[in-house]
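Trainee: I have a chain open in my viewer and would like to talk through how its helices and sheets fit together. Could we go over it together?

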Amino acid sequence: MACTSTRPSPASPLPATGLPSIADLQLEITRLQHENHKLQRINGALIERVESGVTRGNDPYAAFQHSVVLAEQVRERTDALNQAMAELKAVNRLLSEARQRAETAHQHQIRLITDNVPALIAYLNADLVYEFTNKVYEEWYCWPPGVMLGQRLREAHSEQHYQRLEAYVARALAGESVTFEFAETNSSGQERYMLRSYVPNRLANGEVAGIFVLIRDITERRNTAQALHQAYQHLEQRVRERTAELTSLNEQLLREIEERSRAEARLREAKREAEQANLSKTKFLAAVSHDLLQPLNAARLFTSALLESREPQDSTQLVRNVSNSLEDVENLLGTLVDISKLDAGVIKADVAPFALGELMDNLAAEYAQVARSEGLELHFVSCSAVVRSDIQLLARILRNLLSNAIRYTPHGRVVLGCRRLRGGLRIEVWDSGIGIAEEHLEEMFQEFRRGDVQRPQQDRGLGLGLAIVEKIAGILGHRIRVRSWLGKGSVFAVEVPLSTTAPKAQPSLAISEPMLERLRGARVWVLDNDAAICAGMRTLLEGWGCRVVTALSEEDLARQVDNYHAEADLLIADYHLDNDCNGVDAVARINARRTQPLPALMITANYSNELKQQIRELGHTLMHKPVRPMKLKTAMSHLLASSQPSLRA
């Protein structure tokens, strides 16, 4: 590529002057060169002929005459040769003009091409002077068109920029093609990565006449390459991890294959044990059926006697006996339901921090009376620790441990207390009972394992108490420990973690006035789709002095209480209603029509944590079936005390 020191101007088309074309001029030059060559050969031949004639002839005049003729011929040929040379010079001049026009057109074409190439293109001569720059090059450096031509590289750029290029330029001038990249900031402040290529322009003799410069913006390509590199590294890491996993799985598979034969043997043994356990449970269910029928039969007998009795004092005792029999049935059914739910994984832990002292104080008060009724003493040491557990499930564990301790202690005392551990707490239940032989300690946590009764008229239970304890402890992640001395007593303990956060503050409840005084005159609405439940609730609540409205549906309740606008203090609703309705939605619809919303007590047999959380967030109180009257009375009293007092007629 031939470069000029000034910016090339666009080539104009050749003028129509009748001048021959370049091809015709080339042909004419060739012809003239051929004629010139012929004349030179003729001239040489004539001179040779003259010289040979002089040497051969002895006639002076003949030689002179021949020389004159020969000289005339030489002159004619020389004139013809000079004329040919003049024509050749004219043709050369025309050819030079044609070449110049062709070069101008060629440079114009190069300009059109390079200006539309998305790259920076320039040419520097051997002195590093710009002889050509395309439009993209000028726009990148924000130079006016043509201003760079004739300027040195060092003058056109900053010193820092030139120093970065200097080593590569030197290599290109030495004849080496160089490609390199570095970041460069344009006039808009954008940093772009540019790939530069310097190609030396070599002459025929090997000398470097200049440098072709090609610069391309590779920012996007570089970013893509970096992203691909990172993805590749991540992929390599994943491949290594996956390979390690597969290796581990392969090793595990090999171990499983090795254990397959032993596993098959164990499966056969397990099948035999399962069949034996199934037979054992079948036998036990027959026994349970008897245990369930016994209190029901007793309740029927007491009821019949009550119907026939005419003495008030006899009726009171019979009613108490009926209540005790039904409570035994309730306990039996509740235990069976609990063990089935634990086995099915329905019960989930709702772990939260709480003050352990509140739970233990309530348990101590509850079981102190039970112990006294059996002629025992309950000693209790309170605790101020805050623990993390499910307060309901932990209470069930401690109730079962306390019940067992009282059941199997014929005389003496039972102790409930705590011991601090590193990061935790151990709640212990001691008794001075019959104890357990060491070889039978593990068996005590199996289902349907029952000890011998220690008192007359004492039921033997189902043998599920400790099995329930172990299952609940597994759900909570708590450890159960047991020690026993045959004939001297036992200690059962559950280890719970301490909490690093304080429990949520519970609303203070007014407990100064007696519960019955708080319930007397309370206006209570009961919503339940079971008529018998409604009748039982009315009888129980009216016996506590409440004014009760019962309804089997929302529509039934609306008709009785002026479309929910009547005065009321409390709403008791069953969760499962007819027509796929539930008590939560019913309470929301009822309170939406009232100026002052009613506090709600929700009763359900659903033990799911989701429902418990939902009712807690709504601010309602939850009570699970079967409902114990004392718990119902306490819950109603608390709700009435914590709600805004309303006018009672």
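Trainee: Which strands does H8 lie across, and at about what angle does it run to E7?

Mentor: Happy to help, and keep in mind that this is a predicted model. H8 lies across E7, E9 and strand E10 (424-431). Its direction relative to E7 is about 165°.

Trainee: And H9: which strands does it touch, and what angle does its direction make with that of E10?

Mentor: H9 packs on the sheet too, with contacts to E7, E9, E10, E11 and strand E12 (489-497). The angle between the directions of H9 and E10 is about 25°.

Trainee: In what order do the strands of that sheet come, and which are the edge strands?

Mentor: The sheet is open, has five strands with mixed pairing, and follows the order E7-E9-E10-E12-E11. An edge strand pairs on one side only, and here that applies to strand E7 (377-380) and strand E11 (479-485).

Trainee: What is the bridge partner of Glu377 in E9?

Mentor: E7 and strand E9 (residues 413-421) pair in the parallel sense, over four bridges. Within E9, the partner of Glu377 is Arg413.

Trainee: Are H8 and H9 roughly parallel or roughly antiparallel to each other?

Mentor: Helix H8 (residues 356-373) and helix H9 (residues 391-407) pack with their axes 11 Å apart, at an angle of about 30°. Angles under 35 degrees count as roughly parallel. H8 and H9 are therefore roughly parallel.

Trainee: How many nonpolar residues does the contact of H8 with H9 have?

Mentor: From H8 the contact includes Leu359, Leu363 and Tyr367, and from H9 it includes Leu394, Leu398 and Ile406. Charged residues take part as well, among them Glu366 of H8 and Arg399 of H9. By class there are two charged residues, one polar, and the nonpolar ones number twelve.

Trainee: There is another open sheet, with parallel pairing. Why is one side of E14 and of E17 left without a neighbour in the sheet?

Mentor: This sheet has five strands in the order E14-E13-E15-E16-E17. Strand E14 (547-551) and strand E17 (621-624) lie at its edges, so one side of each is left without a neighbour, as each has a single partner strand.

Trainee: Which strands of this sheet does helix H16 touch, and what angle does its direction make with that of E16?

Mentor: Strand E16 (residues 600-604) pairs with strand E15 (residues 570-574) in the parallel sense. Helix H16 (residues 629-642) packs on the sheet, touching E13, E15, E16 and E17. Its direction makes an angle with that of E16 of about 155°.

Note on methods:
Residues numbered from 1 in each chain as written. Predicted model: local features only at pLDDT ≥ 70, side-chain atom pairs only at ≥ 80, totals over all residues. Heavy atoms only, no water. Pairing = 2+ DSSP bridges. Helix = DSSP H or I, 4+ residues; strand = E, 2+ residues; numbered from the N terminus. Contact = heavy atoms within 4.5 Å. Axes fitted to C-alpha atoms, helices over the stretch in contact; angles between N-to-C directions. Parallel < 35°, antiparallel > 145°, perpendicular 65-115°, else oblique. Nonpolar A, V, L, I, M, F, W, Y, C, P; charged D, E, K, R; others polar.
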